[in-house]
Amino acid sequence: MGSPLKKIPASRAMLGMYVRRIEGKWRDHPFWRRSFLVADAEALKLLRALGRQEIWIDTHKGLDEEGPASPQPSPELAPATPDAPSAPEVARSDFGDDIVRAEAIRDRAKLAAKALFEDARMGRALRMENLPSVIEEVDNAIALNPAAMLSVVRLKNKDDYTYLHSVAVAALMMALGRRLGFEGAELTELGLAGLLHDIGKVGVPDATLNKPGRLDPLEWASVRQHPQIGWDILRRESAAGPMALDVCLHHHEKTDGSGYPHKLGGEAISRVARMGAICDVYDAITSDRPYKRGWEPAEAIRRMAEWQEGHFDRAIFHAFVKLIGIYPTGTLVRLASDRLAMVLSQSGGSSLTPTVRLLCTLPDGEPLDSMEMELEDGDDRIVGIEDPAQWNFQVPQLLRA
Ligand SMILES: [Fe+2]
Ligand SMILES: [Fe+2]
């Protein structure tokens, strides 16, 4: 049961296909809607004119590529969606669709991570055969909608923290890698490195990892061994590769040389390990733990900006902020028009003008039609951040809508 989403060059578009997204900035092409059914010859012509630019088609909502090639079917004869499912569809936005799909991918990746940790705990060879396909799924989801994938890996409950943290770091590293120009097999390696970076935690007692309070010096010494323990485990795995070994061993190094285990500084820490350090800290501090509630993403970015000197690579951190945004996905914001909205995704332009979904008016809380709005257009602007708890909003449910 594969994903219904498929990426093809626009030149191979056909009538009856359902286009979920066009790669690149949507205003660069003549379609005003980002998702649509290719229902007439005119739309098909415009779409094919995009040539090698890639499009994502949804094969559940429209036709797939396979079947007899029909280079230019007559629009009169081509039914709009001959095999379109007649089952009632949940009325969900495209963003909501992406969230639900990303959740399924996250759950599969979490099971794969769990198996890895179980094997490591038992001292067995790690089951890594299906990791490339799991990572490819995560990477596809990131290519389609990074905001959706990154928000579903962030929202985790305390019990499955270790496995989901691994998946989250994998997703963050691949998303960041895409921004920094990594591609192909390198992206898969980044994902693998993210999934495996904390495998050495199997050598630290659970009571220490989940301790609700300050660690004593002995416990702290035990935690600090996890990069080396992980490296020892991965060294025996031919499928792990040098990037995974490197990130595992050095994701707790800091650019000023105050990290562990080797007190490496600056350039002595590889680029991928510096990426790992940023993704790891961001996910750790935005997650709920037994001893503390996670920070909201916007707050996490603000704190990390304070620490960046000496801790993180400046250029990589800036790319990371661009990825997550000043107002990350799921942030509740107050608009100048006295309306409350939730941030869905970052726009191509400034991180101050994301795409939002309108929720209600202020101060009376009158619900608004859940309309999406691109603040980049300049029709409204953000004037503040609001606490979802104060408004009784459940962000995960809102994202799924
Ligand atoms: Fe770690
Ligand atoms: Fe970690």
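Helices (H or I, at least four residues) and strands (E, at least two) are DSSP runs, numbered from the N terminus. The structure described here is a predicted model, in which local features need pLDDT of at least 70 and side-chain atom pairs count only at pLDDT 80 or more, while totals for chains, interfaces and linings use all residues. Residues are numbered from 1 along each chain as its sequence is written, chains are lettered from A and ligands numbered from 1 in the order in which they are written, and side-chain values use heavy atoms, with hydrogens and water left out.

A good place to begin is helix H12. Glu-306 and Arg-302 both belong to this helix and sit 4 residues apart, about one turn. Their side chains form a salt bridge (3.0 Å, N to O), a term for a side-chain nitrogen of Lys or Arg within 4 Å of a carboxyl oxygen of Asp or Glu. Arg-302 also meets Glu-299 in a salt bridge, at 3.2 Å from N to O. Because Arg-302 and Glu-299 are 3 residues apart in helix H12 (residues 297-311), about one helical turn separates them. Accessibility is described with three words: buried means under 20% relative accessible area, exposed over 50%, and partly exposed in between (1.4 Å probe, protein chains only). Glu-306 is exposed at 53%, whereas Arg-302 at 43% is partly exposed, and so is Glu-299 at 23%. The structure holds 28 salt bridges.

The next stop is the metal site. The iron ion (ligand 1) has as protein donors Asp-198 (OD), His-226 (NE2), His-251 (NE2) and His-252 (NE2), at 2.1 to 2.2 Å. Donors are N, O and S atoms within 2.8 Å of the metal (3.2 Å for Na, K and Ca); water is not among the atoms, so sites may look incomplete. The 4 donor atoms subtend angles of 86 to 174°, which makes the arrangement irregular. Four donors count as tetrahedral if all angles lie between 85 and 135 degrees; four count as square planar and six as octahedral if opposite donors are over 155 degrees apart and all others between 65 and 115; anything else is irregular.

The iron ion (ligand 1) lies 3.5 Å from the iron ion (ligand 2), and Asp-198 coordinates both. His-226 lies in helix H9 (residues 226-235) and His-252 in the loop between helix H10 (241-250) and helix H11 (271-286), so this pair ties together parts 26 residues apart in sequence. His-226 is buried, with a relative accessible area of 1%. Asp-198 also meets Lys-201 in a salt bridge (3.4 Å, N to O), and both of these residues are buried.
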